[in-house]
Amino acid sequence: MSYSSIIYPKASQLIRHTESVVDVHSKATPFRHFGIKPEIEENEEDGATVTFKFASLSKYENGNALPFLVLQDQLTTALKLSYPYGVILQSKEKSAVYPVVQFCHGGVDTKTRDEVSLIQGYTSQIAPYKEVRQIEPEVDSIFSNHLSSFYIILGFKTSGTQALLDSWKDWTGARYIYINFPEQLCLKKITLYRRESTDDMNLFSFIVVVLCDGVDSKEKQRTLLDFVQRLRAERTSNFISVYEEVIT
């Protein structure tokens, strides 16, 4: 992976981040101001492949929606049955288009891509994504508890050009996130994934996953939800929601 040193003011102090460009060979790039492309980035991205499954209710019986928590539990159970080893996330927003999301390392068979039925009335949109960019704070936050993991997931439907990769921190909102993310929520990393298959525009072409592990109270959950509301006002994405990892 290629690294760059980033220093940005946050509150009254300077926070150092490291940006990773996932490539075939480990080769250091010149130190640079975050957001300024090195003169040479010749390595081809070759990050980990992660399969995302976005589960939702495809139809309602008798025209009535299930209660949100019941819907989440049923979708969670269905995903566990279809693939028991993936990480399952439940949205903290009742209006989320995808109440449950699952991701796991590795690709999927081409026969199981796109939309797949879980159980009656439930489907999941499935596709493999390649990790192509990542931002991590260089120092662990004092607020990190390592007991609970919360995520912000953003989905984008746009063509995947090299120019978009070079400017990803701007149009995805990653720059806004790492500058303004509440310190007490403990930002761990921001990862950009690019979809490997390009034949279905119903699926997101890019996904940004923001991981934090300092959300250990209802008050901090509200702070995270408020931050996402501000992020919605600042950036345009096809999808954004807050998720908590399901511990089994």
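**Close-ups of a predicted model**

**View 1. Ile190 and its neighbours in the predicted model.** Leaving aside anything up to four places away in sequence, Ile190 touches Arg133, Gln134, Ile135, Trp168, Ala174, Ile177, Tyr178, Val208, Val209 and Val210. Ile190 is also one of the residues with the most contacts inside the largest nonpolar core, a set of 30 residues. Others on that list are Ile152, Leu154, Ile177, Phe181, Val210 and Leu224. So two of the names, Ile177 and Val210, turn up both as neighbours of Ile190 and on the list of well-connected core residues. There's a second, separate core too, with 19 residues, including Phe52, Phe54, Val209 and Tyr243. Val209 from that second core is among the residues that Ile190 touches.

**View 2. Leu192 in strand E9.** The strand here spans residues 187-195. Is Leu192 buried or exposed? It counts as buried, at 0% relative accessibility. Skipping residues up to four places away in sequence, Leu192 touches Lys130, Glu131, Val132, Arg133, Leu165, Trp168, Thr172, Phe206, Ile207 and Val208. Gln134 makes a handy sequence-versus-space example: Leu192 and Gln134 are 58 residues apart along the chain, yet their C-alpha atoms sit 6.2 Å apart. Arg133, Trp168 and Val208 are neighbours of Leu192 and also appear around Ile190.

**View 3. Phe52 and Phe54, a stacked pair.** A search of the whole structure turns up 16 aromatic pairs, and this is one of them: the ring centres of Phe52 and Phe54 are 6.1 Å apart, with 20° between the planes. Phe52 is buried, at a relative accessible area of 2%. Phe54 is buried as well, with a relative accessible area of 2%. Both rings belong to the second core, the one with 19 residues.

**View 4. Phe54 and Phe239, edge-to-face.** Why is this pair called edge-to-face? The planes of Phe54 and Phe239 stand at 85°, with ring centres 6.5 Å apart, so the pair gets that label. It links distant parts of the chain: Phe54 is in strand E3 (residues 49-57), while Phe239 is in strand E11 (residues 239-245), 185 residues apart. Phe239 is buried, with a relative accessible area of 5%. Zoom out a bit and Phe52, Phe54 and Phe239 are part of one aromatic cluster, along with Tyr98, Phe103, Tyr129, Tyr151, Tyr193 and Phe204.

**View 5. Cys186 and Cys212, two cysteines without a bond.** How many disulfides does a search of the whole structure find? The count is 0. Cys186 is in no disulfide, and the nearest cysteine sulfur, that of Cys212, is 7.6 Å away. Seen from the other side, the closest cysteine sulfur to that of Cys212 is in Cys186, and 7.6 Å is too far for a bond. Cys186 is buried, with a relative accessible area of 1%, and Cys212 counts as buried at 1% relative accessibility.

**View 6. The whole protein, for context, has 5 helices and 11 strands.** Of its 248 residues, 50% are buried. Take the contacts with a separation of 6 or more, and 72% of them are between residues 24 or more positions apart. The accessible surface comes to about 12600 Å², with 50% of it belonging to carbon and sulfur atoms.

How values were computed:
Residues are numbered from 1 along each chain as its sequence is written. This is a predicted model: local features need pLDDT of at least 70, side-chain atom pairs count only at pLDDT 80 or more; totals for chains, interfaces and linings use all residues. Side-chain values use heavy atoms; hydrogens and water are left out. A nonpolar core is a set of buried Ala, Val, Leu, Ile, Met, Phe, Trp, Tyr and Cys residues joined through side-chain atoms within 4.5 Å. Buried means under 20% relative accessible area, exposed over 50%, partly exposed in between (1.4 Å probe, protein chains only). Contact means heavy atoms within 4.5 Å. Rings of Phe, Tyr and Trp (its six-membered ring) pair if their centres lie within 6.5 Å; planes under 30 degrees apart count as stacked, over 60 as edge-to-face and the rest as tilted. Helices (H or I, at least four residues) and strands (E, at least two) are DSSP runs, numbered from the N terminus. Accessible areas come from the Shrake-Rupley method with a 1.4 Å probe; for residues, only the protein chains shown count as cover. A disulfide is a pair of cysteine sulfur atoms within 2.5 Å.
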